[in-house]
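Colleague: I should like to understand how the descriptive terms for a structure are justified. May I put some questions to you while we look at the model?

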Amino acid sequence: MPLDQRNLNPDRLLPWRRTTLALLGLALAACSGTAPRVDPDGRADAPAVAMVAGAPISFRHHATPQAQGPVVVFQSGLGDDHATWAAVLRQLPAQHEAVVPDRPGYGASPGRAGTRSACRIAEEQHALLRQAGLQPPYVLVGHSLGGLYQYVYARMYPQDVAGLVLLDPTHPQLQATLEQVQPAAAALLQLARQTMFSPAMAQEFDAQADCLQQVERQPQLKAPTVLLASTETPVYMGEGLRTMLEDLRQDWLRRSGATLARVPGSGHQIQQDAPHAVVSAIEAVAASAL
């Protein structure tokens, strides 16, 4: 039976909200926003802008004269902008050129109307990289829903991809599996979507499974891929949900041919809890492409 928000007592809703946020954090995205990155000298990191399909997309471009090898391209999870990668970028060696887009509706990028499917976001990233003059191949790094977006990009543009690093990526069948196996959790996600999501988050959440069937008809991934998995889960997340997420993680390995690396002591925000692990995975994937 659908949850009726009018009949929910706020005090009774608190544990439900905690479970919802845990599920969002571990299985779908990081819902908490992050502050703008500040460089060591105290200045805010100024964005660049590319016009994609007639609208601006803001991005951060990090490059030094020592940069060489494939460009590292980051995608954030649901609800996060470029600043979620600040700790990783601080530790990334200078030889790695890096690009961090803010998808429409995040950071300085204005929102867009219409569907926000993974295929559309991959097309926008492809156009942004070309307009910025950044030539492939790329090492694609994605967290949570951003991991799904990078996987779709790699399936759509395999010739562009040197490798992937996926951090707790959202599984293509997450929502369908939740509805079948954990219907209460699926209902909580829908409640969160109605009450907690920004317009951009709601657009991405609604379209997360769109276009994936056509993507799966493309050739299998051949680029080296590392899947970084968190190891810390909230105590109030039930065993059934943990098992379901682990089963989906194992299916990710089959789909992507990835090497699994569990990150000790890390929650879902691996890029913040263990930036060194992310940097090590990027370096390993980039080295294999040289």
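Modeller: Please do. The model is predicted. A suitable place to begin is the second largest pocket, which has a volume of about 160 Å³.

Colleague: Which residues lie nearest the centre of the second largest pocket?

Modeller: They are His62, Leu89, Leu92, Pro93 and His96, and the lining has 11 residues in total. By class, six residues of this lining are nonpolar, three are polar and two are charged.

Colleague: What makes a space a cavity and not a pocket?

Modeller: In a cavity a 1.4 Å probe fits but cannot get out, whereas a pocket is open. The structure holds one cavity of 30 Å³ or more. The largest cavity contains about 60 Å³ of space.

Colleague: Which helix supplies the largest share of the lining of the largest cavity?

Modeller: Helix α3, residues 118-131, supplies four residues. The residues lining the largest cavity include Ile121, Glu124, Gln125 and Leu128, and also Asp102 and Arg103. This lining divides into five nonpolar, two polar and three charged residues.

Colleague: Let us turn to the aromatic rings. How many aromatic pairs does a search of the whole structure find?

Modeller: The search finds four. One pair is formed by phenylalanine 74 and tryptophan 85, with 4.8 Å centre to centre and 50 degrees between the planes.

Colleague: Why is the pair of phenylalanine 74 and tryptophan 85 called tilted?

Modeller: The centres must lie within 6.5 Å, and 4.8 Å satisfies this. Planes under 30 degrees apart would be stacked and over 60 edge-to-face; 50 degrees is neither, and therefore the pair is tilted. Phenylalanine 74 lies in strand β3 (residues 71-75) and tryptophan 85 in the loop between β3 and α2 (86-91), 11 residues apart.

Colleague: How do you know whether phenylalanine 74 and tryptophan 85 are buried or exposed?

Modeller: Buried means under 20% relative accessible area. Phenylalanine 74 has 0%, so this residue is buried. Tryptophan 85 also has 0% and is therefore buried.

Colleague: What makes the pair of phenylalanine 197 and phenylalanine 205 edge-to-face?

Modeller: Their ring centres are 5.6 Å apart, which is within 6.5 Å, and their planes stand at 80 degrees, which is over 60, so the pair is edge-to-face. Phenylalanine 197 and phenylalanine 205 are both buried.

Colleague: How many of the residues of the chain count as buried?

Modeller: Of its 290 residues, 54% count as buried. The chain has 11 helices and eight strands.

Conventions. Residues are numbered from 1 along each chain as its sequence is written. This is a predicted model: local features need pLDDT of at least 70, side-chain atom pairs count only at pLDDT 80 or more; totals for chains, interfaces and linings use all residues. Side-chain values use heavy atoms; hydrogens and water are left out. On a 1 Å grid over the protein atoms alone, a cavity is a set of points where a 1.4 Å probe fits but cannot get out, and a pocket is an open set with protein on both sides within 12 Å along at least five of seven lines; lining residues have an atom within 4 Å of a point. Grid points are joined across faces, edges and corners, and a volume is the space filled by probe spheres set on the points. Helices (H or I, at least four residues) and strands (E, at least two) are DSSP runs, numbered from the N terminus. Ala, Val, Leu, Ile, Met, Phe, Trp, Tyr, Cys and Pro count as nonpolar, Asp, Glu, Lys and Arg as charged, and the others, Gly among them, as polar. Buried means under 20% relative accessible area, exposed over 50%, partly exposed in between (1.4 Å probe, protein chains only). Rings of Phe, Tyr and Trp (its six-membered ring) pair if their centres lie within 6.5 Å; planes under 30 degrees apart count as stacked, over 60 as edge-to-face and the rest as tilted.
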